[in-house]
Amino acid sequence: MKEKSFLLFSAVLIVVLSIVWMIPIYALLTTSLKTQEEVALQKYLTLPQRLQFSNFARAFQALKIGLRNSFIITLTATFIAVFVGSLAGYSLTSFNFRFATLLFFLIVVVTFLPYHIVLIPITHILKSLALLNTYAGLILIYTILSAPMATLITGTFFMKIPPELEEAAMLDGCKPFLFYLRILLPVSLPGLVSATILVFIQIYNEFLLGIALTRGPEVKPVMPFLAELKGTQIAQWHIQMAGALITSIIPVAVFIFLGKYFISGLMAGYGKG
């Protein structure tokens, strides 16, 4: 009886929460298809009188440079951050050296620090290296700031790998880096995919550094472009909502194609022991 009541309560709670979570997405979709006059009425939950697909064409024209820049910056920084982070995770979890636990704890702390507190030092560093407003500068900073997250996720996954696997490889003469490259990475593919997805989404959605470290549209990521779509004289919410849907296609596609590995990676990371 108690179990049935719990299941009923859970089902009702899930339905209510699903409705609450879907309301902003519904408002986003309907607003993106309205005219300027309909948006001015501020009735965001009403259906559009005539579907305005031209809003998406206008939004894409304004966002295409930013999408190109984000594609270049996010892919490169994600690849380097996951590679460096997984190497660090392997070193911290496999080699029993002094301060390894302390270092891992500091990485956990750094992972959750907000970017605001390092904005001024980052700006000075990039200026001294002549990397302000360049792809290289943004890739460097995003790699540095995202590598701790990749280290935390992959390191947690590597802890679940049986040590006998590495011991057997060492007995066969396999060096640590070759073990990492040829055995550990293929075995840990779900964990690497989980780290890749989270790092990719974090970099792609980042706004503050994208607007603070760039001048002009040449290398600016897409999120600052999206913020500018609202307009200065008249609030063009319909164009901005269309732009928000366009920019969300890439992270949603990443989850659709890699979601299976993401879930299995998280389950494997916390389920074995």
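Accessible areas are obtained here by the Shrake-Rupley method with a 1.4 Å probe, and by that reckoning the protein has an accessible surface of about 16200 Å², of which 73% belongs to carbon and sulfur atoms. The structure is a predicted model, and every value that follows is computed from it. Along its principal axes the C-alpha trace spans about 75 × 70 × 30 Å, and of the 273 residues in the protein, 39% are buried. The secondary structure comes to 12 helices and 0 strands, so that, by the definition of helices and strands as DSSP runs, the elements are numbered from the N terminus on as helices.

The packing between these helices can be followed through the contacts. Among those that join residues at least 6 apart in sequence, 73% link residues that lie at least 24 apart. The largest nonpolar core has 33 residues, and those with the most contacts inside it are I122, I141, Y142, L184, V199, L209 and L213. Two or more residues of this core come from each of α3 (54–94), α5 (119–128), α6 (135–158), α8 (176–187) and α9 (189–205), with α6 giving the largest share, 10 residues. To see how one member of this core is placed, consider I122, which touches I141, L145, L209 and L213 when residues up to four places away in sequence are not counted. Separate from this core there is a second one, of 21 residues, which includes L67, V193, M223 and A242.

One of the helices that contribute to the largest core, α8, shows how a single helix can be divided between inside and outside. Its buried residues are F179, Y180, L184 and L185, and because they fall within an arc of 145° when seen down the axis of α8, they line one face of the helix. An α-helix has 3.6 residues a turn, so residues three or four places apart point the same way. On the other side of α8, R182 and P186 are exposed; the cut-offs that separate the two groups are a relative accessible area under 20% for buried and over 50% for exposed. The cover over the buried residues of α8 includes α3, α6, α7 (163–171) and α9, and among these α3, α6 and α9 also give two or more residues to the largest core.

Charge is the last feature to consider. The protein carries 18 positive and 10 negative charges, and the mean positions of the two sets are 7 Å apart.

Notes
Residues are numbered from 1 along each chain as its sequence is written. This is a predicted model: local features need pLDDT of at least 70, side-chain atom pairs count only at pLDDT 80 or more; totals for chains, interfaces and linings use all residues. Side-chain values use heavy atoms; hydrogens and water are left out. A nonpolar core is a set of buried Ala, Val, Leu, Ile, Met, Phe, Trp, Tyr and Cys residues joined through side-chain atoms within 4.5 Å. Buried means under 20% relative accessible area, exposed over 50%, partly exposed in between (1.4 Å probe, protein chains only). Helices (H or I, at least four residues) and strands (E, at least two) are DSSP runs, numbered from the N terminus. Contact means heavy atoms within 4.5 Å. Lys and Arg count as positive and Asp and Glu as negative; His and the chain ends are not counted. The place of a charge is taken as NZ of Lys, CZ of Arg, CG of Asp or CD of Glu. The arc is that of the directions from the helix axis to the C-beta atoms.
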